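Open the model in your viewer and keep the selection box handy. We will go from the whole chain down to a single side chain, one stop at a time.

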Amino acid sequence: MAAPDSLNILDISGTYVMNKSISDNFTDEILRLQGVSWWKRKAISVGTVTLKIKHYKEDGDEHIDIDQ
C-alpha cells in the first residue's frame, strides 16, 4: 500500500486500499497452510483489502483503530 506524501507518523488516519498489481500473492499459500478450503481461498482472492485507520490522542494516550 502506498501512502501520500502528506502522511506522517504523527497522524496516519485515512483509508488504504491494497493494490494487487504490486503486491505479492502469498495469501493463498498462507490460507492453505491454515486449512482453509480451496473454494473459500478463491472467494477471498477476488476481494479487495481496504483498511480504515483512525489515529488519535485521548487523555495523553495514543490510539489507533483499524476497521477492515
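Before the first stop, one definition: helices (H or I, at least four residues) and strands (E, at least two) are taken as DSSP runs and numbered from the N terminus. Please also keep in mind that this is a predicted model.

**Stop 1: the whole chain**

Show everything as a cartoon. You should find two helices and three strands, and following the sequence takes you through the pattern β-α-α-β-β. The radius of gyration is 16 Å, well over the 11 Å that the globule rule gives for 68 residues, so the protein is more spread out than a compact globule. If you draw a box along the principal axes, the C-alpha atoms fill roughly 45 × 25 × 15 Å.

Now colour by accessibility: buried residues make up 7% of the 68 residues. For the contact map, take the contacts with a separation of 6 or more; residues 24 or more positions apart account for 48% of them.

**Stop 2: the hairpin**

Select residues 50–58 and 61–67, which are strands S2 and S3. The two strands run antiparallel, and seven bridges join them. Zoom in on Glu58 and you will see Asp61 of S3 standing opposite. Two residues lie between the strands of this hairpin, and Asp59 takes a positive phi near 55 degrees there. While the side chains are on display, a general point: in a regular strand they alternate between the two faces of the sheet.

**Stop 3: the largest pocket**

Turn on a surface and look for the largest pocket, with a volume of about 330 Å³. Its lining has 16 residues, and Met18, Lys20, Thr27, Ile44 and Ser45 are the ones nearest the centre. Two elements give two or more residues to this lining: helix H1 (27–33) and helix H2 (38–45). Which of the elements gives the largest share of the lining? Select H2: four residues of the lining come from there. Colouring the lining by residue class gives four nonpolar, seven polar and five charged residues.

**Stop 4: Arg41**

Stay with helix H2 and pick Arg41, which has its place there. Is Arg41 buried or exposed? Its relative accessible area is 10%, and buried means under 20%, so Arg41 counts as buried. To see the surroundings, show Asp28, Leu31, Arg32 and Val36 as sticks: these are the residues in contact with Arg41 once its neighbours within four places in sequence are left aside.

Technical notes
Residues numbered from 1 in each chain as written. Predicted model: local features only at pLDDT ≥ 70, side-chain atom pairs only at ≥ 80, totals over all residues. Heavy atoms only, no water. Pairing = 2+ DSSP bridges. 1 Å grid on protein atoms, 1.4 Å probe; cavity = no way out; pocket = protein on both sides within 12 Å on 5 of 7 lines; lining within 4 Å. Points joined across faces, edges and corners; volume = space filled by probe spheres on them. Nonpolar A, V, L, I, M, F, W, Y, C, P; charged D, E, K, R; others polar. Rg over C-alpha atoms; globule rule 2.2 N^0.38 Å. Buried < 20%, exposed > 50% of the residue type's maximum accessible area, 1.4 Å probe, protein only. Contact = heavy atoms within 4.5 Å.
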